[in-house]
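Thanks for making time this morning. I would like to walk through one structure with you, going from its cysteines to its cores and then to a single charged residue.

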Amino acid sequence: MFDMKLPLLLLLMMVLPVVGLSAKKRDTLATEKHYSKHQLTEDVKYLVATVADVHPDMYHSISKASYSRLIDSVLAGLHDGMTAKEAWPIMARLIGALNEGHSVFNYPESLVGELKAGGNLLFPVLIREFNGSEFIVRLDASAEDKLKPGDAIISINGITTEKLMGKLGGYAGGLPQYKALDICRNLIVYLHLYGVNGPWHIRYLRNNQVDSAVVNPVSWADFRSNIAARAKDLPKIKPIADHQFDFLNTDKAYLALNTLTAEPAVFKRFLDSCFTSIKNKQAKALIIDLRKNGGGNSALAEMLLGYITDKPFRMTGGVKWKVSQEYKDQLNETLKGEGPQTMAYYFNAINGTTISNSGDKPARPTFNDLLFKGNVLVLIGPHTFSSANMLANTIQDYKLATLVGEPSGEPANDYGELIFLKLPNTGFTFTTSTKQFIRANGNTNDQHPVMPDFMVKDNPLTPADEVLDFALAK
């Protein structure tokens with residue numbers, strides 16, 4: 001399970017080559033495709049019907065009556081001649097209302113090209129985070145360069161930041177902290193689609209004093225150039241390795257796991273090496289950092305637990321997996337036509353039914369000569385997602401270690417096993433879930449994220465790592 005929406009800057013850098021764009025700018029509006037209301041209506045009907053087919057519980061966050069009213073509202077907002085840019089914000093609410101981090105209504109394919117080749121369109125301010133009431137500036141890449149790192153944006157074009165977050169949050173799913181991350185990293189796209197256009201009149205807070213600034217749109221080339229020129233003033237960000245192991249002092253080991261996507265045999269060799277060093281140096285404490293871990297293979301998470309506990313546990317309290325022809329087709333394509341043979345239990349199940357179980361009973365891990373018996377602290381936060389969230393939940397429910405940091409990025413009762421779909425007329429693509437993963441203790445009613453034992457928030461505007469420092473002092 002992964003977060004499928006790339007951060008905008010990474011997306012922009014990956015999708016289209018910059019070379020040649022400045023030499024020949026195309027008029028995207030003149031060539032943009034327009035859709036009839038009938039085409040858009042058919043896409044809405046397809047979306048709703050397909051989600052109902054594949055999802056194990058599409059009404060877990062919104063009642064069926066409320067969702068029906070939302071459908072009516074979306075249909076009422078459609079009209080003949082709409083472009084992809086005009087239709088997307090209206091239709092995206094149908095996926096946002098599912099309220100899951102894994103359910104994503106992807107941006108129109110033409111959007112990145114439009115933003116990169118369409119002249120001065122980009123909102124030129126990078127946002128570090130949403131603090132609950134304001135956007136915190138990371139860097140001002142405008143020609144004006146009025147905003148400084150740490151400035152708190154109160155409003156944009158007269159729209160308060162809180163109101164913007166409320167409006168844009170309807171396009172994204174998941175817990176509030178996850179939505180906030182999504183909006184901050186994709187704010188350029190969201191403002192463009194929402195029609196909050198430049199020049200942008202910004203009210204901001206600096207040193208407890210309210211001030212204002214006007215920033216004008218920039219081109220993709222100027223955006224990149226200004227970022228490069230001003231990056232020297234930003235705190236340096238170290239490249240993120242998949243895994244990192246070190247001793248932070250003589251008796252405390254530090255293990256950062258930023259993904260769970262390695263080959264199992266490779267991951268086991270890595271863990272064997274780490275825990276051999278821990279044993280040889282007789283470390284008294286181990287800090288495991290999951291704050292940047294977006295998930296991967298839950299089997300690796302279970303493997304890790306075998307090095308820090310000999311208590312009985314289980315990773316999940318069961319699953320509910322919706323059977324559908326759409327997902328059978330995707331599985332069969334992935335398995336190169338061998339789906340009915342390799343996953344007969346799913347392919348033989350009747351479409352529309354749900355395969356469910358209550359999970360295995362808690363069991364002790366296999367004996368491990370490298371088992372660490374000292375103090376274990378696990379760092380979590382809003383980027384702790386998917387299989388890493390499942391790992392943190394298992395630790396929480398069975399009290400296998402001490403959790404430090406901020407709440408994780410999704411509920412412990414989560415949805416996944418993604419299906420990738422495409423609307424027939426607009427070509428908009430989206431993902432949604434086919435399976436519910438029940439938290440380790442089996443409580444299906446708890447919709448909270450994984451909560452730390454010690455709530456500690458890192459201040460992104462300081463060079464210190466307050467969460468790690470707290471763990472080191474324990």
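Cys-274 counts as buried at 2% relative accessibility, where buried means under 20% relative accessible area with a 1.4 Å probe and protein chains only, exposed means over 50%, and partly exposed lies in between. Cys-184 is buried too, with a relative accessible area of 9%, and the structure holds zero disulfides, a disulfide being a pair of cysteine sulfur atoms within 2.5 Å.

I should say that this is a predicted model, in which local features need pLDDT of at least 70 and side-chain atom pairs count only at pLDDT 80 or more, while totals for chains, interfaces and linings use all residues. Residues are numbered from 1 along each chain as its sequence is written, and side-chain values use heavy atoms, without hydrogens and water.

Turning to the cores, the largest nonpolar core (buried Ala, Val, Leu, Ile, Met, Phe, Trp, Tyr and Cys residues joined through side-chain atoms within 4.5 Å) has 79 residues, and Met-91 and Phe-105 are among those with the most contacts inside it. A second, separate core has 42 residues, including Phe-313 and Ile-380.

Leaving aside residues up to four places away in sequence, Met-91 touches several residues (heavy atoms within 4.5 Å), including Leu-40, Phe-105 and Asp-43.

What, then, is the nearest side chain of opposite charge to Asp-43? That is Lys-33, 9.2 Å away, and Asp-43 is buried yet has no salt bridge, which would take a side-chain nitrogen of Lys or Arg within 4 Å of a carboxyl oxygen of Asp or Glu. The side chain of Asp-43 does, however, reach the backbone nitrogen of Thr-426 at 2.8 Å.

Terms used. Lys and Arg count as positive and Asp and Glu as negative; His and the chain ends are not counted. A polar contact is a pair of N or O atoms within 3.5 Å; within protein, one must be able to donate a hydrogen and the other to accept it, and residues adjacent in sequence count only if both atoms are side-chain atoms.
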